[in-house]
Amino acid sequence: MKVIKVAASVMRGNEKIALENQAVFRNNNVFVVNIMGSPGAGKTTLLLKTIEALKDNVRIGVIEGDIATSHDAELIHAAGVPVVQINTEGACHLDARMIQLALTHFNLAEIDLLFIENVGNLVCPAGFNLGESARVVVSSVPEGDDKPKKYPGMFRVVDAVLLNKIDLSGVFGFNINTFREDVRQTRELEIFEVSCKTMDGLSGWIDWLMGKRSAVGY
Ligand code: MG
Ligand code: ZN
């Protein structure tokens, strides 16, 4: 009897293509950020605010991952940056091959910073390297303060945490100390408390992002 371990072979295949993507990004001096988080955490809104803050100085591109619809991609397009939509047709994460295909639709020579908005999900996106330069998770106050404890796999692979909708922390009885402590139990990570509505904390996130980019060298 032969047992085929699909998950392992899929992962190995993914890792190989992720390395190819990484080489393409490096050769074109494109800094790539993989944005993950639950549905409704505010990934697209964060992206829109970040684009607004940076687009006069940095040439930005976006890959939008969604199970269905091009709603978010249309919002990004309206912000005036090149965007490619990937509809995963049911798949709950992006993989490196999807990114490789999407890249053929960009002129990478004209992009300095590429954002990838992953499918809304705190589980499997964490397991798929896309060849990116940095990973962040957007968590939000209405989701509750227990997410770092319940989804440690996600918090283990990211470089920073954005805790969004911080303006609602009183309404939802969100315990920021619990959240911070549980993140710290997983890993020492930068946590940005932000509100895309009031714009609180966004400059800290943007400074961090630009710092990361200069550390990589492009
Ligand atoms: Mg979105
Ligand atoms: Zn998945």
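Reader: Is Asp-72 buried or exposed in this structure, and what is its relative accessible area?

Author: Asp-72 is buried, with a relative accessible area of 14%. Under 20% counts as buried, so 14% falls on the buried side. Keep in mind that this is a predicted model.

Reader: What does Asp-72 help to coordinate?

Author: A metal site is read through its donor atoms. Here Asp-72 (OD) coordinates the magnesium ion (ligand 1), together with Thr-44 (OG1) and Glu-117 (OE). The distances run from 2.0 to 2.1 Å.

Reader: How are these donors spaced along the chain?

Author: The spacing is T-x27-D-x44-E. Take the pair Thr-44 and Asp-72: Thr-44 is in helix α2, and Asp-72 is in helix α3 (residues 71-78). They are 28 residues apart, and the pair links distant parts of the chain.

Reader: Is Thr-44 buried or exposed?

Author: Thr-44 counts as buried, at 10% relative accessibility.

Reader: What coordinates the zinc ion (ligand 2)?

Author: Read that site in the same way. The zinc ion (ligand 2) is coordinated by Cys-92 (SG), His-93 (ND1) and Cys-124 (SG). The distances are 2.0 to 2.2 Å. Water is not among the atoms, so a site may look incomplete.

Reader: What spacing do the zinc donors follow?

Author: Along the chain, the donors of the zinc ion (ligand 2) follow C-H-x30-C. Cys-92 and His-93 fall into separate burial classes: Cys-92 is partly exposed, with a relative accessible area of 32%, while His-93 is buried, at 14%.

Reader: How do I read a pocket? What is the volume of the largest pocket?

Author: Start with volume, then ask what lines it. The largest pocket has a volume of about 200 Å³. It is lined by 15 residues, and the closest to its centre are Pro-39, Lys-43, Asp-66, Asp-72 and Glu-117. You have met two of these names already: Asp-72 and Glu-117 also coordinate the magnesium ion (ligand 1).

Reader: Which element supplies the largest share of the lining?

Author: That is α2, with 3 residues. Both α2 and β2 supply at least two residues each.

Reader: How many lining residues are nonpolar, polar and charged?

Author: The lining has 4 nonpolar, 7 polar and 4 charged residues.

Reader: Now the core. Which residues touch the most other members of the largest nonpolar core?

Author: To read a core, look for its best-connected members. The largest nonpolar core has 29 residues, and Ile-60, Phe-115 and Trp-205 touch the most other members. Then ask where the members come from. At least two residues each come from β1 (31-37), α2 (43-54), β2 (60-66), β4 (113-117), β5 (134-140), β6 (160-164) and α9 (202-216). The most comes from α9, which gives 5 residues.

Reader: What is Trp-205 in contact with, leaving aside its neighbours within four places in sequence?

Author: Trp-205 is then in contact with Leu-46, Thr-50, Val-136, Leu-162 and Phe-192. There is also a second, separate core of 18 residues, which includes Ile-86, Met-98, Ala-102 and Val-119.

Reader: Where does Leu-101 lie?

Author: Leu-101 lies in helix α4 (residues 96-103). At 56% relative accessibility, Leu-101 counts as exposed. The cut-off for exposed is over 50%, so 56% passes. The C-alpha atoms of Leu-101 and Ile-86 are separated by 9.2 Å, with the two residues 15 apart along the chain.

Reader: Which loop holds Asp-112?

Author: Asp-112 sits in the loop between α4 and β4. Asp-112 counts as buried, at 15% relative accessibility. Look past its neighbours within four places in sequence, and Asp-112 is in contact with Asn-29, Val-30, Phe-31, Val-58, Arg-59 and Arg-213. Asp-112 and Val-32 are 80 residues apart in sequence, yet their C-alpha atoms are 8.5 Å apart in space.

Reader: Last topic, backbone angles. What is phi of Glu-89?

Author: Check the sign, then the residue type. Glu-89 has a positive phi of about 50°, although it is not a glycine. Glu-89 lies in the loop between β3 (83-87) and α4, and counts as exposed at 74% relative accessibility. Met-199 also has a positive phi, near 75°, and is a residue other than glycine. Met-199 is in the loop between β7 (190-193) and α9. At 39% relative accessibility, Met-199 counts as partly exposed.

Technical notes
Residues numbered from 1 in each chain as written. Chains lettered and ligands numbered in written order. Predicted model: local features only at pLDDT ≥ 70, side-chain atom pairs only at ≥ 80, totals over all residues. Heavy atoms only, no water. Donors = N, O, S within 2.8 Å, 3.2 Å for Na, K, Ca; no water. Buried < 20%, exposed > 50% of the residue type's maximum accessible area, 1.4 Å probe, protein only. Core = buried A, V, L, I, M, F, W, Y, C linked by side-chain atoms within 4.5 Å. Helix = DSSP H or I, 4+ residues; strand = E, 2+ residues; numbered from the N terminus. Contact = heavy atoms within 4.5 Å. 1 Å grid on protein atoms, 1.4 Å probe; cavity = no way out; pocket = protein on both sides within 12 Å on 5 of 7 lines; lining within 4 Å. Points joined across faces, edges and corners; volume = space filled by probe spheres on them. Nonpolar A, V, L, I, M, F, W, Y, C, P; charged D, E, K, R; others polar.
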